[in-house]
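Here is a friendly walk through the model shown below. Keep it open while you read.

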Amino acid sequence: MLHRIEVVVKNKHGVRDPEGETIHRHLILRKGYSEVKSVRVGKYIAMDVEAETREQAIDKVRELCERLRLYNPIVHDVEVRVYG
Amino acid sequence: MVKFPGTNCDEDVFHAARSVGLEPEVVWYKYFRPSSWDAIIIPGGFSYGDWLRAGAIAARTSAADSLYEARDSGAPIMGICNGFQILVEAGLLPGALLPNVGGRFVCRWVKLYVERPRGPWLKVLGDGDRLDMPVAHGEGRYYIDNESYYATVVKSPVLRYADGWNPNGSIYNIAGVATEDGAILGLMPHPERAYTDLLAPRGFTPGGKILFKSLADSLRKGW
């Protein structure tokens with residue numbers, strides 16, 4: 001069975017994200033959305049994974065994220081989740 | 001010199017290396033065997049189009065895997081610009097390189113100075129010596145956490161941007177780092193674009209040739 005798995009890669013807290021800061025300061029806050037307290041831009045990767053269960057699909061993707069360094073653990077946090 | 005798909009500074013490095021009497025060759029990454037060479041340079045460019053992250057895909061090729069053998073044998077390895085990005089992505093040098101803090105590609109000459117120069121690439125320099133070279137990169141913001149910085153970088157040779165010359169927001173003005181013995185060096189500035197007077201604009205002196213000279217001298221006499 002095919003499972004749609006999503007990988008989101010974001011800069012860690014403490015690692016500056018100039019694109020997110022610019023969108024926040026120069027677009028969102030400038031247009032009055034002061035309730036938005038922070039903005040982070042990341043990378044979104046969607047994968048269709050053949051596996052018996054969702055959990056197996058997630059485990060497979062987690063493993064490849066680590067082994068192939070799909071994210072850089074020095075500067076990034078990664079989130080692996082099922083679509084929907 | 002290892003050439004990956006998207007490497008584009010190999011010819012410039014070739015000329016710079018030849019200018020000091022070295023005998024360089026450009027080797028396509030699929031045919032690269034480190035044991036055949038006295039020293040290895042990974043030139044700049046945009047390997048794999050900088051997709052995923054600059055250097056991230058090249059760092060997972062078998063050519064990059066073979067660099068660990070080269071490291072273990074003590075061979076001199078230098079990564080320039082994208083080559084530096086590949087070396088940090090491969091874990092051969094500490095830290096990471098992030099998109100510039102200004103959000104844009106920067107291409108200009110900068111002033112640098114060196115600390116604790118040693119090893120094949122830097123041995124002919126003195127502590128604090130100043131060097132000028134151009135940078136040209138979109139992802140050159142060096143980042144390292146404090147713990148690793150004090151555990152590695154402060155004991156090793158390092159190149160820093162002089163005050164006011166940091167083009168990308170690098171932490172501690174870091175332009176280049178090396179292993180403790182200096183055998184592996186990575187730097188964002190381009191020594192090959194600063195190997196002769198003709199290349200240096202007014203107000204700058206060509207600070208790149210000394211690295212190639214240092215290598216030539218080291219390969220003859222040791223380091």
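Which exposed residues does the face of α2(B) turned away from its buried side carry? They are Ser62(B), Asp65(B), Glu69(B) and Asp72(B), where exposed means that 12 or fewer other C-beta atoms, placed from the backbone, lie within 10 Å of a residue's own, buried means 20 or more, and partly exposed is in between.

## About the model

This is a predicted model, in which local features need pLDDT of at least 70, side-chain atom pairs count only at pLDDT 80 or more, and totals for chains, interfaces and linings use all residues. Residues are numbered from 1 along each chain as its sequence is written, while chains are lettered from A and ligands numbered from 1 in the order in which they are written.

The average pLDDT (the predictor's confidence in each residue, from 0 to 100) of chain A is 95, and 100% of its residues score at least 70. Among the elements of chain A, the highest mean, 97, belongs to helix α2 (residues 54-67) and the lowest, 92, to helix α1 (residues 18-28). Helices (H or I, at least four residues) and strands (E, at least two) are DSSP runs, numbered from the N terminus.

## Helix α2 of chain B

Now for the other side of α2(B), which spans residues 62-72: Ala63(B), Ala64(B), Leu67(B) and Ala70(B) are buried. They lie on the same side of the helix because they cover an arc of only 95° around the axis, taken from the directions from the helix axis to the C-beta atoms. Their packing partners in chain B are β1 (2-3), β3 (40-42), β4 (77-80) and α3 (82-89). After the helix comes Gly74(B), with a positive phi near 85°.

Ser66(B) also belongs to this helix, and it counts as partly exposed because it has 17 C-beta neighbours inside 10 Å. Beyond its neighbours within four places in sequence, Ser66(B) is in contact (C-beta atoms, placed from the backbone, within 7 Å) with Phe32(B), Arg33(B) and Pro34(B). Pro34(B) is 32 residues away along the chain, yet its C-alpha atom is 6.7 Å from that of Ser66(B).

## Nonpolar cores

A nonpolar core is a set of buried Ala, Val, Leu, Ile, Met, Phe, Trp, Tyr and Cys residues joined through C-beta atoms within 7 Å. The largest has 72 residues, and Ile80(B) and Phe84(B) are among those with the most contacts inside it. Strand β6 (residues 106-115) of chain B gives the most to this core, with five residues. A second, separate core of seven residues includes Ile5(A) and Tyr71(A).

Key:
Two residues are in contact if their C-beta atoms, placed from the backbone, lie within 7 Å.
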